[in-house]
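Let's take a walk through a protein together, one piece at a time. Keep the picture open beside you and look for each part as it comes up.

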Amino acid sequence: MNIALPVRALLCIPLAIFIYCPQHCSAQEQRLQRPPAFRSIEVSEERAITFKIHATQAESVRLTSSDLPGLPQGGLEMSKDEENVWQATTPVVPAGAYRYHFNVDGLSVIDPRNPATSEANSNTFSLVVVPGSDAFDLRDVPHGSIAQIKYFSKSLKKFRRFHVYTPPGYETGTDKLPVLYLLHGATDSDASWSTVGQAGNILDNLLDAGNAKPMIIVMPAGHTGQFSFGPGSSFENQMSEFVVDFQQDIRPLVESRFRVSTERQHRAIAGLSMGGAQTLDVGMANLADFAYLGVFSSGVFGIDRGGLESGSGAAFKSKYEAVLTDPEIKKDLRLIWVATGKDDFLLKTSQATVEALKSLDFEVTYKETEGGHTWLNWRDYLHEFAPLLFVDKP
């Protein structure tokens, strides 16, 4: 028996369902079909942030963030209204860029109503920017560009990526510009400095105010694979792999593809945490090529447990002895700038590194600030470090 319906009848079925459902479906079913209208993030004038997410079947939702200050351990518990919208409001926070997740019944998810994200080494965070900063607020000034550059690393035998900031007017210019290689920390990615780090806005605002030289900023991927740390981890191996990738692949590609100066006085490298340790490795291995080193919340890992006489400090001294003891190579080194927070867990590492470098006759500018191992400090450090670059010796 042929029970096929006429085409006209089939076309009418969706309309019939659409007409039928609002009249006869339960209120719960209607809410499932059409979530209520709301904004997932709202920042008050006092800079408290209200977060919202629609989760009909959830039994527990928390806001989690390693960046937002004042959150309880395990995250901020959210409450649900009659439309199944969960919400929570943070304490007042400083101006900043903050990464966050929603933990929905144990599952960590990004904000489905916020397109702004920050990519890490193995996951993605949602991102909210709280205005009020002289350094990185988005302003009506000329803006540079940030590009993703993909390349095949011959040293690592796989495809890699880095981000590049070029200043306003670069596309129509002809001059070669100084270059700053800017390195991220452990668990982050080559996208971190341009998202949660707000490096583009920081440089745009400095340039508009005449407080920095136009420069290209290269932001490489410091991890060469999935990050892990501790006994048996790949951390040490990745540190050395990055140095090889930088020297053999990243830097040659940058110098061939972008209008960057190849003179020592126009080349700088800086990084935070893991990137600060990599800065010392790359910088000391190629000190004749770099005039500026910036180490944020970092140093020679483990040097605080024995200085230059044992352990990692002695290994560092032995590895770079030819450079560390050469007075000629230090003459054109214009700046070693180290900064860390008084509550940073690597404070003693920074202090011991500075002491060691000074004992080897390096001039070091050292600064301790308030706060800990957070982007609240690292954005400020970049804002203070960048104006010191590519000028006469401070």
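What follows goes from the whole chain to its strands, then to its helices, and ends with some aromatic rings.

One thing to know before we start: this is a predicted model. The protein chain has 10 helices and 18 strands, and 50% of its 394 residues are buried. Its exposed surface comes to about 19,300 Å², with carbon and sulfur atoms supplying 52% of that. Now think about which residues touch which. If you take contacts between residues at least 6 apart in sequence, 72% of them join residues at least 24 apart.

Let's get into the strands. Strands of a sheet pair through backbone hydrogen bonds, and they can do it in a parallel or an antiparallel way. Look for the open sheet of 4 strands, which runs in the order β1-β2-β6-β5 with antiparallel pairing. Its edge strands are β1 (41-43) and β5 (79-80), each of which pairs on one side only. Elsewhere in that order, β2 (residues 49-54) and β6 (residues 85-89) pair over 5 bridges in the antiparallel sense. To see one of the matches between strands, find isoleucine 53: its bridge partner in β6 is tryptophan 86.

Next, find strand β10, residues 124-130. Is this strand mostly covered or mostly uncovered? Mostly covered: 5 of its 7 residues are buried. β10 pairs with β7 (residues 96-104) in the antiparallel sense, over 5 bridges, and here alanine 97 stands opposite valine 129. β10 also pairs with β9 (residues 117-119), again antiparallel, over 3 bridges. In that pairing, serine 118 has phenylalanine 125 of β10 as its bridge partner. How do you get from β9 to β10 along the chain? Through a hairpin of 4 residues.

Go back to β7 for a moment, because the loop between β7 and β8 (107-109) holds aspartate 105, which is partly exposed at 44% relative accessible area. Its backbone has a quirk: phi of aspartate 105 is near 50°, a positive value in a residue other than glycine. Phenylalanine 390, in the segment after α10 (375-385), has a positive phi too, of about 60°, although it is not a glycine. Is phenylalanine 390 buried or exposed? At 9% relative accessibility, phenylalanine 390 counts as buried, because the cut-off for buried is under 20%.

On to the helices. Helix α5 covers residues 274-285, so count 12 residues as you trace along, and its first and last C-alpha atoms are 17 Å apart. That is close to the 16 Å expected at 1.5 Å a residue. How many of the residues in α5 are buried? The number is 11 of its 12, including Met274, Leu280, Val282 and Met284. Asp281 and Gln278 are on the buried list as well.

Helix α6 (residues 311-319) is home to serine 312, a partly exposed residue with a relative accessible area of 29%. Leaving out residues up to four places away in sequence, serine 312 touches Val300, Phe301, Gly302 and Ile303. Take phenylalanine 301 from that list: it is 11 residues from serine 312 in sequence and 6.9 Å away in space, C-alpha to C-alpha. A polar atom of the serine 312 side chain lies 2.6 Å from the backbone oxygen of phenylalanine 301.

Finally, the rings. The whole structure has 18 aromatic pairs. In one of them, the ring centres of phenylalanine 296 and phenylalanine 385 are 5.8 Å apart and the planes sit at 80°, so the pair is edge-to-face. This pair links distant parts of the chain, 89 residues apart, with phenylalanine 296 in strand β16 (residues 292-296) and phenylalanine 385 in helix α10. Phenylalanine 296 is buried, at 0% relative accessible area, and phenylalanine 385 is buried at 0% too.

Another edge-to-face pair is tryptophan 375 with tryptophan 378, at 5.3 Å centre to centre and 80° between the planes. Both lie in helix α10, 3 residues apart, about one turn of the helix. An α-helix has 3.6 residues a turn, so residues three or four places apart point the same way. Tryptophan 375 is buried at 2% relative accessible area, and tryptophan 378 is buried at 5%. To put the rings together, look for one aromatic cluster formed by Trp193, Phe296, Trp337, Trp375, Trp378, Tyr381 and Phe385.

Methods: Residues are numbered from 1 along each chain as its sequence is written. This is a predicted model: local features need pLDDT of at least 70, side-chain atom pairs count only at pLDDT 80 or more; totals for chains, interfaces and linings use all residues. Side-chain values use heavy atoms; hydrogens and water are left out. Buried means under 20% relative accessible area, exposed over 50%, partly exposed in between (1.4 Å probe, protein chains only). Helices (H or I, at least four residues) and strands (E, at least two) are DSSP runs, numbered from the N terminus. Two strands pair if DSSP finds at least two bridges between them. Contact means heavy atoms within 4.5 Å. Accessible areas come from the Shrake-Rupley method with a 1.4 Å probe; for residues, only the protein chains shown count as cover. A polar contact is a pair of N or O atoms within 3.5 Å; within protein, one must be able to donate a hydrogen and the other to accept it, and residues adjacent in sequence count only if both atoms are side-chain atoms. Rings of Phe, Tyr and Trp (its six-membered ring) pair if their centres lie within 6.5 Å; planes under 30 degrees apart count as stacked, over 60 as edge-to-face and the rest as tilted.
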